[in-house]
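Ready to get your hands dirty with a structure you haven't met before? Work through the exercises below, and try each one yourself before reading its solution.

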Amino acid sequence: MGATLRRQVGPAQLTRVDTPVAPRIMASAAGNAPAAAPYLVVERVTKRFGSFVALDDVSLTVGRGEFVCFLGPSGCGKTTLLRAIAGLDPQDRGRIIQGGRDISALPPAARDFGIVFQSYALFPNMTVSANVGYGLVSLGRRREEVEARVRELLTLVGLADQAWKYPAQLSGGQQQRVALARAIATDPGLLLLDEPLSALDALVRAHLREEIKALQRRLGITTIMVTHDQEEALSIADRVVVMNRGRIEQVGSPDAVYRHPDTLFVAGFVGRMNTLPGVVAEGGAVRVGEVRIAADAASSMAAGSPVQVCMRPEDVLPADTRHAGTRLAATVRGIEYLGSIARAALDAQGLPLTVEVQDTALRRLQLRPGTTIEVVVPPDRVLLFPRQV
C-alpha cells in the first residue's frame with residue numbers, strides 16, 4: 001500500500017519550508033514578448049484497452065500556471081488521459097512532454113506531479129499531519145522540514161487545528177483538503193485532480209471548488225481537473241477541454257465553449273439547448289417545420305442545407321424585451337421552478353421550446369400552464385450545425 005502511494009506523488013524540488021511557496025506564474029504574452037513554450041504537451045496520444053479505443057490520437061498543450069478542466073460524459077476518455085499524463089495508464093502511442101522533458105516512458109515515481117483522487121485515498125491509521133507529510137518522509141526530508149511544511153500547508157487549507165485527528169474524524173470536505181495538502185506537499189510542477197468533488201454534497205462542492213481555485217491562483221501551480229459537472233468546469237477553469245469517445249471535441253475558454261460551440265455534441269453537452277431539425281432558407285434564415293427563423297449563421301450556408309437549429313433556453317426571450325428577432329406566439333405547457341430562475345416548456349407555433357426566465361420575469365409575466373405569451377429569438381443567438389439526412 002505504501003509503495004502504491006509513493007508512486008502517486010512524483011518527486012519534485014522543494015522550496016525552503018521557512019519561506020512562502022514560490023508561485024508558478026504564466027508568462028505574459030503582452031507587447032512584443034514571445035509566447036512562452038507550453039508547460040505540458042500531449043502529442044498524438046492513443047490508448048487502447050483490448051479492442052476499446054479509450055484515447056484516439058489526442059493532442060493538447062497546457063500553459064504554465066493554467067487551470068484546465070477535462071469535461072465529458074462517462075467513458076469519454078478524460079480520466080484515461082489524466083492517468084496517461086501521470087504514467088498510471090501509459091499510452092500505447094504518442095508523447096507527453098512536461099517542462100521540456102519527455103516523460104512518455106517514465107514511471108509515475110519519476111514524474112513531477114501531485115494527484116488527488118475521488119476517493120481521497122488517505123491512510124486511515126495516520127493522523128492528518130502524517131498523511132500530509134507522507135510524501136516528504138518518503139523522500140527522506142529532515143523531520144524539522146517535514147513538520148514546518150506540514151504546518152504551512154495545514155494553515156493554507158484551513159486545517160491547522162485538525163492536525164492530530166484521523167481521517168474518520170473529519171468531514172468529506174475536510175478530508176478533501178487534507179488530500180489536496182498532501183498532493184502539493186512536495187511542491188510538484190503539476191497538480192492532477194480526478195473528480196475530486198463528486199462525492200460531496202452540492203453546497204460543500206460549490207464552496208470547495210472556490211477554495212481550490214483560490215489555492216491554485218495563490219500557488220500558481222499548473223492544474224488539470226477531470227469532471228463531468230459542466231457548472232464546475234465553467235466556473236473554475238481557465239480553459240475547458242470537452243471530450244467525447246476518446247477524442248477532443250473543443251478546447252477553449254468557458255465562455256467560448258458555452259457561447260460558441262464547435263460541434264453539435266459540445267452544444268448539447270455543455271449547458272441546456274433547444275435542438276430542432278431544420279433547413280437553411282434564403283435571406284439569412286432557417287425553416288423549422290412551418291416556422292421561418294432569422295439566423296445570422298445561415299448567411300454563410302447554402303440554401304436547402306439540412307441543419308440542426310440550436311438555441312439556449314435563456315436566449316429565447318419574452319417579447320417585452322428590446323431585442324429584435326423572430327417573434328413567435330407560444331403556449332406554456334409546464335413550468336419547472338428552480339428558485340432564482342424558472343424553466344418553462346412552450347409550444348411555440350408547433351415548435352417545442354424550453355425557455356429560462358428570472359423569477360422576477362416569471363412573476364411579471366404571470367406565467368403558468370396554459371398561459372399564452374409571445375417570445376423573440378435574436379438572430380445572433382441561433383446556432384446551426386450540419387445535419388445528416
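**Exercise 1.** Find which residues Thr 127 touches, leaving out those up to four places away in sequence, and decide whether Thr 127 is buried or exposed.

*Solution.* Keep in mind that you're looking at a predicted model.
- Step one: locate Thr 127 in the loop that runs between strand E6 (114-116) and helix H3 (128-138).
- Step two: list its contacts, which are Ala 163, Trp 164, Lys 165 and Tyr 166.
- Step three: check for a polar contact. The Thr 127 side chain gets to the backbone nitrogen of Ala 130, at 3.2 Å.
- Step four: look at the relative accessible area, which is 13% for Thr 127. Buried means under 20%, so Thr 127 counts as buried.

**Exercise 2.** Work out the strand order of the open four-strand sheet, then say what packs on it.

*Solution.*
- Step one: read off the order, E2-E1-E4-E5, with antiparallel pairing.
- Step two: spot the edges. Strand E2 (52-62) and strand E5 (101-102) each pair on one side only.
- Step three: zoom in on one pair. Strand E1 (residues 40-49) and E2 run antiparallel and are joined by seven bridges. For Val 45, the bridge partner in E2 is Val 58.
- Step four: add the helix. H2 (residues 78-86) packs on the sheet and touches E1, E2 and strand E4 (93-98). The directions of H2 and E1 make an angle of about 115°.

**Exercise 3.** Explain why H2 can be called largely enclosed by the rest of the structure.

*Solution.*
- Step one: go through the helix and pick out the buried residues: Lys 78, Thr 80, Leu 81, Leu 82, Ala 84, Ile 85 and Ala 86.
- Step two: compare with the helix as a whole. Seven of its nine residues are buried, so H2 is largely enclosed.
- Step three: peek just past the end of H2, where Gly 87 has a positive phi of about 85°.

**Exercise 4.** In the largest nonpolar core, find which residues touch the most other members and which helix gives the most.

*Solution.*
- Step one: among the 44 residues of this core, the ones touching the most other members are Val 132, Leu 154, Leu 193, Ile 212 and Val 270.
- Step two: the top contributor is helix H5 (residues 172-184), with six residues.
- Step three: take Val 132 as a sample. Beyond residues up to four places away in sequence, its contacts include Val 150, Leu 153, Leu 154 and Val 178.
- Step four: don't stop at one core. A separate second core has 31 residues, including Val 286, Val 288, Val 316 and Ile 373.

Terms used
Residues numbered from 1 in each chain as written. Predicted model: local features only at pLDDT ≥ 70, side-chain atom pairs only at ≥ 80, totals over all residues. Heavy atoms only, no water. Core = buried A, V, L, I, M, F, W, Y, C linked by side-chain atoms within 4.5 Å. Buried < 20%, exposed > 50% of the residue type's maximum accessible area, 1.4 Å probe, protein only. Helix = DSSP H or I, 4+ residues; strand = E, 2+ residues; numbered from the N terminus. Contact = heavy atoms within 4.5 Å. Pairing = 2+ DSSP bridges. Axes fitted to C-alpha atoms, helices over the stretch in contact; angles between N-to-C directions. Polar contact = N/O pair within 3.5 Å; in protein donor to acceptor, adjacent residues only side chain to side chain.
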